[in-house]
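Good morning, and thank you for joining. I would like to take you through one structure, element by element.

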Amino acid sequence: MVKYQLPPLKDDKIFEEFTCDLFNFLENTLSYENIDFQTFGVKGQNQKGIDVFSAKTKTVIQCKLKSIDKKDDAIRKNLIQDINADLEKVKDLKIDFERFIFVSTFRDDAQIQEYLNQIRKEQELAFHLYYWGWDTLTKNIERSEVLLHKYFPQFIKKIKPVKPKLELPEGALGKELSKRNYIDYLKKRYGDWKQFELNKKGEKFNWASFTISLSKRYKASGINYIDVKYFDDLALYLKGRIDGTIMGKINKSKGSKNYSAFEDFLENPL
């Protein structure tokens with residue numbers, strides 16, 4: 001099943017280059033060439049019924065760019081007329097080939113392929129005849145992201161590059177999970193209790209601003225990046241903030257603990 005509904009190309013030369021690139025990709029070769037770049041196929045010369053060829057794979061290709069605005073019967077009739085004319089031209093072709101492929105911006109068509117099979121038998125041609133419609137070309141072009149981006153960049157979803165995750169330096173608080181969790185525990189206790197006071201004012205505790213202020217206090221780009229040597233100082237600072245809340249003061253007056261010590265927290269994380 002195709003992933004994209006790619007519109008047929010509308011420029012003859014781009015279609016030829018597209019075909020050349022596609023067959024090079026599919027057959028893992030660089031031997032397919034647009035004959036405009038060959039000595040015997042300079043623009044304006046008689047191309048003798050071919051647009052792309054590969055001496056290595058003994059394949060010649062004729063590109064048929066057709067307007068899809070017409071009815072299928074009219075396009076098919078026109079393609080068959082072109083095929084007949086091109087088969088006459090290749091009789092004078094002075095290169096050795098075993099495959100003749102007609103590619104078109106018209107859709108895949110069983111009648112055209114059957115006609116080619118019939119012509120080969122009737123004329124006892126020494127080479128094989130194939131027809132590749134736009135459906136076949138589309139199916140194969142999807143196998144190459146490079147070619148999709150080259151010929152259909154507007155239809156390819158752009159993916160934002162994922163920023164690599166920065167590794168924490170040695171000695172960072174984030175490297176020692178138990179201490180980092182304890183700091184989170186104290187932060188949450190302070191923020192939750194401070195929120196009780198702010199509720200009366202209809203305000204919200206600004207977690208982001210508080211976290212940034214802690215990081216700046218220790219000249220770090222984030223909590224995880226604070227040097228672990230400041231762990232005791234940071235914990236003491238947060239405990240002081242907790243004790244300073246209304247809830248903290250009430251608990252202290254009652255002789256209740258406002259938080260667990262680090263050693264108790266390790267045994268029973270809250």
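I shall begin with the sheet, move on to the helices that accompany it, and end with several individual residues.

Please bear in mind throughout that this is a predicted model.

Let me start with the sheet. It is open and has 5 strands, in the order β1-β2-β3-β4-β5, and the pairing is mixed. Which strands stand at the edges? They are β1, residues 33–34, and β5, residues 128–132. Each has a single partner strand, so one side of each is left without a neighbour in the sheet.

At the β1 edge, the neighbour is β2, residues 52–54; the two strands run antiparallel and are joined by 2 bridges. If you wish to locate this pairing on the display, look for E33, whose bridge partner in β2 is F53.

Further into the order, β3 and β4 pair in the parallel sense, over 6 bridges. A convenient marker there is I61, whose bridge partner in β4 is I101. β4 is also mostly covered, with 5 of its 6 residues buried.

I now turn to the helices. Helix α2 spans residues 72–89, which is 18 residues. From its first C-alpha to its last it reaches 26 Å, close to the 26 Å expected at 1.5 Å a residue. Its buried residues are I75, R76, L79, I83, D86 and L87. How are these arranged around the axis of α2? Seen down that axis, they fall within an arc of 105°, so they line one face of the helix. On the other side of α2, D73 and K77 are exposed. As for what the buried residues of α2 pack against, the partners are β3, β4, α3 and β5.

Helix α4, residues 134–141, presents another picture. Of its 8 residues, 6 are buried, so α4 is largely enclosed by the rest of the structure. Those buried residues are W134, T136, L137, T138, N140 and I141. The elements that cover them include α1, β4, β5 and α5, the last of these being residues 145–151.

Within helix α1, I would draw your attention to one position, T19. Is T19 buried or exposed? With a relative accessible area of 0%, T19 counts as buried, because the cut-off for that class is under 20%. Leaving aside residues up to four places away in sequence, T19 touches I61, C63 and V103. I61 has already been mentioned, as the bridge partner of I101 in β4. There is also a long-range relation to note: T19 and G133 are 114 residues apart along the chain, and their C-alpha atoms are separated by 12 Å.

C63, which T19 touches, brings us to the cysteines. How many disulfides does a search of the whole structure find? The search finds 0. C20 is in no disulfide, and the nearest cysteine sulfur to its own, that of C63, is 8.8 Å away. Since a disulfide requires two cysteine sulfur atoms within 2.5 Å, the separation of 8.8 Å between C20 and C63 does not qualify. Both cysteines are nevertheless buried: C20 has a relative accessible area of 8%, and C63 has one of 9%.

Another buried residue, in helix α6 (residues 177–199), is E197. Its relative accessibility is 17%, and it therefore counts as buried, the limit being 20%. Again setting aside residues up to four places away in sequence, E197 touches T245 and I246.

Finally, two backbone positions deserve a look. K58 has a phi near 55°, a positive value in a residue other than glycine. K58 lies in the loop between β2 and β3. K219 likewise is not a glycine and has a positive phi, of about 55°. This lysine, K219, is found in the loop between α7, residues 207–217, and α8, residues 231–243. What of their accessibility? K58 counts as partly exposed, at 30% relative accessibility, whereas K219 is exposed, with a relative accessible area of 79%.

That concludes the tour, and I am glad to take questions.

Terms used:
Residues numbered from 1 in each chain as written. Predicted model: local features only at pLDDT ≥ 70, side-chain atom pairs only at ≥ 80, totals over all residues. Heavy atoms only, no water. Buried < 20%, exposed > 50% of the residue type's maximum accessible area, 1.4 Å probe, protein only. Pairing = 2+ DSSP bridges. Helix = DSSP H or I, 4+ residues; strand = E, 2+ residues; numbered from the N terminus. Expected span 1.5 Å × (residues − 1). Arc of directions from axis to C-beta. Contact = heavy atoms within 4.5 Å.
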